[in-house]
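Visitor: Got a minute to walk me through this one? I'd like to start with how the helices sit together.

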Amino acid sequence: MEIAGHAFDNGLACAPMAGVTDRVFRSLCRSLGATATTAEMVSARPELRATRKSRLRLDFGGQPAPRIVQIAGGDAADLAQAVRVNADAGADIIDINMGCPAKKVCRKAAGSALMADVDHVARILDAVVAASPVPVTLKMRTGVSADRINAVTIARRAQRAGIAALAVHGRTRDQHYRGRAEYATIAAVKAAVTIPVWANGDIDSPAAAEAVLAATGADGLMIGRAACRRPWLFREIAVARATGRPAPPLSLADEREIVLGLVEQLHDFYGEDQGLRVARKHIGWLCERRPPRPALYMDLMAAASGARQLRLLARYFEAAADMPAAAA
């Protein structure tokens, strides 16, 4: 798969996720087989560009190209200015967010709420592509509701505007993450355009990956929530697709090394106080797969220092041999 000269050999991408795809998690996913990772969305509003949160979200230190930044907003002029600012700061590809269903984003007429007004979408796409010195991509949903599925219309308009690639999540805005993703609309988008298309939604195993590719004809797969719980899923899918055989199961020792390394790097990246809070999300996802004793779980969530959080995680893995992992 190739987007404007950037090659993505296995077509596997980690979806941008607010509060998750920071520099630390992106680096981990790249090391485990993702060939594309996108930073957390940043607001296009000028007054929010210099905040600490935005600076951390745009930290690409030590990461290989292409560096992909996702911008969010509802004003075409703000988005056009944001694309220039981020390209000047080193972004290789700019992605426009029209997929986020969160209320705090949609009530600002941004994210997936934009899909309700195709004419406004067209103005945004034209303005951003005209302003950008780097390729622009678009992430969207199938529509705003089951009776307003318009992804194909927007995809065609995006291609005419010069958008370099699309990612389509197989749910409508009002579904949020409920129910199952549907892939017929993604297949229709792929049939309607010649630019590359990523399929997104409910890709949580190598078998699901193959089924989604077969159902959609997509050029690549974009994985979000499943990667939070098992970032090594990228490697499992890549191995299965390359060899036709399942990847060797991840050993407990390897899982321990990955998780402890991730948490330690989060402490370093954010500083101990914020790093502790961010790490709790990842620990919570780990504990969904292999629930520990309630007392240990509460201790993990309440750890007040980085050293204690790491010590308790090490204790968790010492006991994990007796904890069967949940099925993928």
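**Helices, strands and one loop residue**

Visitor: How are α13 and α14 oriented, roughly parallel or roughly antiparallel to each other?
Guide: Roughly antiparallel to each other. Keep in mind that this is a predicted model.

Visitor: What's the angle behind that for α13 and α14?
Guide: About 155°, with the axes 9 Å apart. Anything over 145 degrees counts as roughly antiparallel, so α13 and α14 get that label. In sequence, α13 covers residues 294–302 and α14 covers residues 306–319.

Visitor: And which hand is the crossing of α13 and α14, left or right?
Guide: Left-handed.

Visitor: Which residues meet there, between α13 and α14?
Guide: From α13 you have Leu296, Asp299 and Leu300. Facing them from α14 are Arg308, Gln309, Leu312, Leu313, Arg315 and Tyr316. By type, that contact comes to five nonpolar residues, one polar and three charged.

Visitor: OK, another pair. At what angle do α8 and α10 pack?
Guide: About 65°, and their axes are 9 Å apart. Here α8 is residues 206–216 and α10 is residues 233–243. The α8 and α10 crossing is right-handed.

Visitor: Who's doing the touching between α8 and α10?
Guide: On the α8 side, Pro206, Ala209, Glu210 and Leu213. On the α10 side, Leu233, Glu236, Ile237, Ala240 and Arg241. Six of the residues in this contact are nonpolar and three are charged, with no polar ones.

Visitor: Switching to strands. What order do they take in the open sheet?
Guide: There are nine strands, ordered β4-β3-β13-β12-β11-β8-β7-β6-β5, with parallel pairing. The edges are β4 (36–37) and β5 (42–43); each has a single partner strand, so one side of each lacks a neighbour in the sheet.

Visitor: How about β11, how many of its residues are buried?
Guide: Five of the five, residues 165–169, so β11 is largely enclosed by the rest of the structure. Ala165, Ala167 and His169 are buried on one side, and Leu166 and Val168 on the other.

Visitor: Which strands does β11 pair with?
Guide: With β8 (residues 136–141) over five bridges, and with β12 (residues 197–200) over four. Both pairings are parallel. On the β8 side, His169 is the bridge partner of Arg141; on the β12 side, Ala167 stands opposite Trp198.

Visitor: What helix lies across β11 and β12?
Guide: That's α7 (residues 184–192), which runs at about 180° to β12. Back to α10 for a second: α10 lies across β3 (12–14) and β13 (220–223), at about 170° to β3.

Visitor: Last one. Where is Thr172?
Guide: In the loop between β11 and α7.

Visitor: So is Thr172 buried or exposed?
Guide: Buried, because its relative accessible area is 4%, and the cut-off is under 20%.

Visitor: What's Thr172 in contact with, leaving aside neighbours within four places in sequence?
Guide: Arg141, Thr142, Gly143, Val144, Ser145, Ala146 and Ile149. You've met Arg141 already, as the bridge partner of His169.

Methods: Residues numbered from 1 in each chain as written. Predicted model: local features only at pLDDT ≥ 70, side-chain atom pairs only at ≥ 80, totals over all residues. Heavy atoms only, no water. Axes fitted to C-alpha atoms, helices over the stretch in contact; angles between N-to-C directions. Helix = DSSP H or I, 4+ residues; strand = E, 2+ residues; numbered from the N terminus. Left-handed = near helix turned anticlockwise from the far one by under 90°. Contact = heavy atoms within 4.5 Å. Nonpolar A, V, L, I, M, F, W, Y, C, P; charged D, E, K, R; others polar. Parallel < 35°, antiparallel > 145°, perpendicular 65-115°, else oblique. Buried < 20%, exposed > 50% of the residue type's maximum accessible area, 1.4 Å probe, protein only. Pairing = 2+ DSSP bridges.
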